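User: I've got this model open and would like to go through it piece by piece. Shall we start with the side chains and work towards the sheet?

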Amino acid sequence: MKLLILFIVFMINFSFAQESISVDQLVEKLKTDKNFVLLDVRTEGEVIGQLKMINGAINIPIQELSERYTELNKFKDKEIIVICRTQNRSSASSGFLNEKGFKTKWVQGGMVEYFRKLSSQDSEN
């Protein structure tokens, strides 16, 4: 538990200087750009819950990222878009991955904003 807390504090320190994208930019990227990886850092319980995982996303919970980030090595030549529920864990994870040599951006507002955007688009149509 102490290690997890230290890891989260470490990642938060790097999160504020990281690049982000809006939900609108993510939606457009999902439609037009296939040369990126979407990483969802929520827990397994969250990705099967109300705010489901976006099709094609890879799930590595933030709690496991320090041990599992090497699974992403095959994507070092691609941009990695990191998403979580609201943006706190994704911005921290993005900072951690950037320190490991990955090119990342995190999604402003996370899955909450993503589903809010989809819901508003559905009600407009």
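User: Which ring has Lys 29 lying over its face, and at what distance from the ring centre?

Analyst: Some housekeeping: this is a predicted model, where local features need pLDDT of at least 70, side-chain atom pairs count only at pLDDT 80 or more, and totals for chains, interfaces and linings use all residues. Residues are numbered from 1 along each chain as its sequence is written, and side-chain values use heavy atoms, with hydrogens and water left out. A charge sits over a ring if NZ of Lys or CZ of Arg is within 6 Å of the ring centre and within 35 degrees of the ring normal. For Lys 29 the ring is that of Phe 36, at 5.3 Å.

User: And which ring does Lys 76 lie over?

Analyst: Here's another charge over a ring face, with Lys 76 at 4.8 Å from the ring centre. The ring belongs to Phe 102.

User: What is the residue in β4 that is the bridge partner of Phe 36?

Analyst: Helices (H or I, at least four residues) and strands (E, at least two) are DSSP runs, numbered from the N terminus, and two strands pair if DSSP finds at least two bridges between them. β2 and β4 pass that test, pairing in the parallel sense over 5 bridges. In β4, Phe 36 is matched with Glu 79.

User: What is the strand order in the sheet?

Analyst: The protein chain has 6 helices and 5 strands, and from the N terminus on they run α-β-α-β-α-β-α-β-α-β-α. The sheet is open, with 5 strands in parallel pairing, ordered β1-β5-β4-β2-β3. That puts β1 (20-21) and β3 (58-59) at the edges, each pairing on one side only. β2 (residues 36-40) joins β3 in the parallel sense over 2 bridges, and the residue of β3 opposite Asp 40 is Asn 59.

User: At about what angle does the direction of helix α5 stand to that of β5?

Analyst: Helix α5 (residues 88-99) packs on the sheet and touches β2, β4 (79-83) and β5 (103-107), where contact means heavy atoms within 4.5 Å. Axes are lines fitted to C-alpha atoms, for helices over the stretch in contact, and angles run from 0 to 180 degrees between N-to-C directions. On that scale, α5 and β5 make about 175°.

User: How many residues of β4 are buried?

Analyst: Buried means under 20% relative accessible area, exposed over 50%, partly exposed in between (1.4 Å probe, protein chains only). Both faces of β4 are covered, with Glu 79, Ile 81 and Ile 83 on one side and Ile 80 and Val 82 on the other. The buried count for this strand is 5 of 5.

User: Is Asp 40 buried or exposed?

Analyst: Asp 40 sits in strand β2. Among the residues it contacts beyond four places in sequence are Val 47, Met 53 and Ile 83. Its side chain also has a polar contact with that of Arg 42 at 2.7 Å; such a contact is a pair of N or O atoms within 3.5 Å, where within protein one must be able to donate a hydrogen and the other to accept it, and residues adjacent in sequence count only if both atoms are side-chain atoms. With a relative accessible area of 0%, Asp 40 is buried.

User: Which residue's backbone oxygen does the side chain of Ser 90 reach?

Analyst: Ser 90 lies in helix α5 and counts as buried because its relative accessibility is 0%. The backbone oxygen, 3.1 Å away, is that of Gln 87.

User: What is the approximate phi of Gln 87?

Analyst: Gln 87 is in the loop between β4 and α5. Most residues other than glycine have a negative phi. Gln 87 isn't a glycine, yet its phi is positive, about 140°.

User: How many aromatic pairs does the structure hold?

Analyst: Rings of Phe, Tyr and Trp (its six-membered ring) pair if their centres lie within 6.5 Å; planes under 30 degrees apart count as stacked, over 60 as edge-to-face and the rest as tilted. By that count, the number is 2.

User: What are the centre-to-centre distance and plane angle for Tyr 69 and Phe 96?

Analyst: This pair is edge-to-face, with values of 5.5 Å and 85°.

User: How many residues apart are Tyr 69 and Phe 96?

Analyst: The pair links distant parts of the chain, with Tyr 69 in the loop between α4 (62-68) and β4, and Phe 96 in helix α5. Both are buried. Their separation is 27 residues.

User: Why are Tyr 114 and Phe 115 described as edge-to-face?

Analyst: Tyr 114 is buried at 10% relative accessible area, while Phe 115 is partly exposed at 26%. Their ring centres are 5.5 Å apart, and the pair is edge-to-face because the planes stand at 90°.
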